[in-house]
Amino acid sequence: MQNKTVARTVGALFITGTVAGILSVAVTGSILNSQDYLAKIADNEGRVVMGALFVLIMAFSLAMIPVILFPIFKKYNEALALGAVLFRGALETFMYITIVIGWILLIALSHQEGIATDTSLQATGTLLQTAGTWSAHILAIVFSLGALMVYCLFYISKLIPVWLSVWGIAGAILYLATSLLVMFGLTDFGMLMAPLALQEMVLAVWLLTKGFRSGGEVSATRPKP
């Protein structure tokens, strides 16, 4: 696959993953975050299933990015390229699948008889909700570490402008710090995750319209003295 095609494919995957994630929240947010979530899940099973499908689309799209970039990235730093595939590919996908499994279990639980009054069923639902919350915390950490590796590789390779790589690195660090603080209940500065989300959309548009910088391609193939 030529570098221009790789760049456009990666840009399209960034947008696909982000849009799928937004749609998943839009479809399921009011259901899963409500106090009577089990009753709402039972009444809106189709929406929860649709939201789970969007999560899987997001997982596949984002997981493919480091895989597609690996043949290029490994020319600059193979260890970091493998790390990106592991964290932003395999581990991130695993965490998304864990979240989807939790939603499916909640659907099954919501159809049990006596769910409104059975304390044991209510406790199981709370346990699944808590597990989902912790899965999201771990996912955020895995995602930010993978993003940090990807943007370090972009910085090293100069395949995209330096300012865009530095923005990604800074955004990944903020995302990681916020994720750790939220996980330990110290603070909730969710807006600090926004810079990385915005950067990835800017990067996606850049890759779709301009592709990789030619200087990076030359340095990757230049023979060592």
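Buried means under 20% relative accessible area. Keep that cut-off at hand for these exercises on the aromatic residues of a predicted model.

**Exercise 1.** Work out how Phe 154 and Phe 212 pair, and whether each is buried or exposed.

*Solution.* Start with the count: the structure holds six aromatic pairs. In one of them, Phe 154 and Phe 212 lie 6.4 Å apart, centre to centre, with 45° between the planes, and this pair is tilted. Next, place the two rings: Phe 154 belongs to helix H5 (residues 119-157), while Phe 212 is in the loop between helix H7 (194-209) and helix H8 (214-221), so the pair ties together parts that are 58 residues apart in sequence. Now apply the cut-off. Phe 154 has 0% relative accessibility, so this residue is buried. Phe 212, at 9%, also counts as buried. Finally, look around them: Phe 154 and Phe 212 join Phe 73 and Tyr 151 in one aromatic cluster.

**Exercise 2.** Classify the pair of Trp 163 and Trp 206 from the angle between their planes.

*Solution.* Planes over 60 degrees apart count as edge-to-face. The planes of Trp 163 and Trp 206 stand at 90°, with ring centres 6.3 Å apart, so the pair is edge-to-face. The pair links distant parts of the chain, since Trp 163 is in helix H6 (residues 162-183) and Trp 206 in helix H7, 43 residues apart. For accessibility, Trp 163 is partly exposed at 49%, and Trp 206 is partly exposed at 21%.

**Exercise 3.** Find which lysine lies over the face of Trp 206 and which sits over the ring of Tyr 155.

*Solution.* Over Trp 206 you will find Lys 210, 5.4 Å from the ring centre. Over Tyr 155 sits the charged end of Lys 158, at 4.4 Å from the centre of the ring.

How values were computed: Residues numbered from 1 in each chain as written. Predicted model: local features only at pLDDT ≥ 70, side-chain atom pairs only at ≥ 80, totals over all residues. Heavy atoms only, no water. Phe/Tyr/Trp six-rings, centres within 6.5 Å; stacked < 30°, edge-to-face > 60°. Helix = DSSP H or I, 4+ residues; strand = E, 2+ residues; numbered from the N terminus. Buried < 20%, exposed > 50% of the residue type's maximum accessible area, 1.4 Å probe, protein only. Lys NZ or Arg CZ within 6 Å of the ring centre and 35° of its normal.
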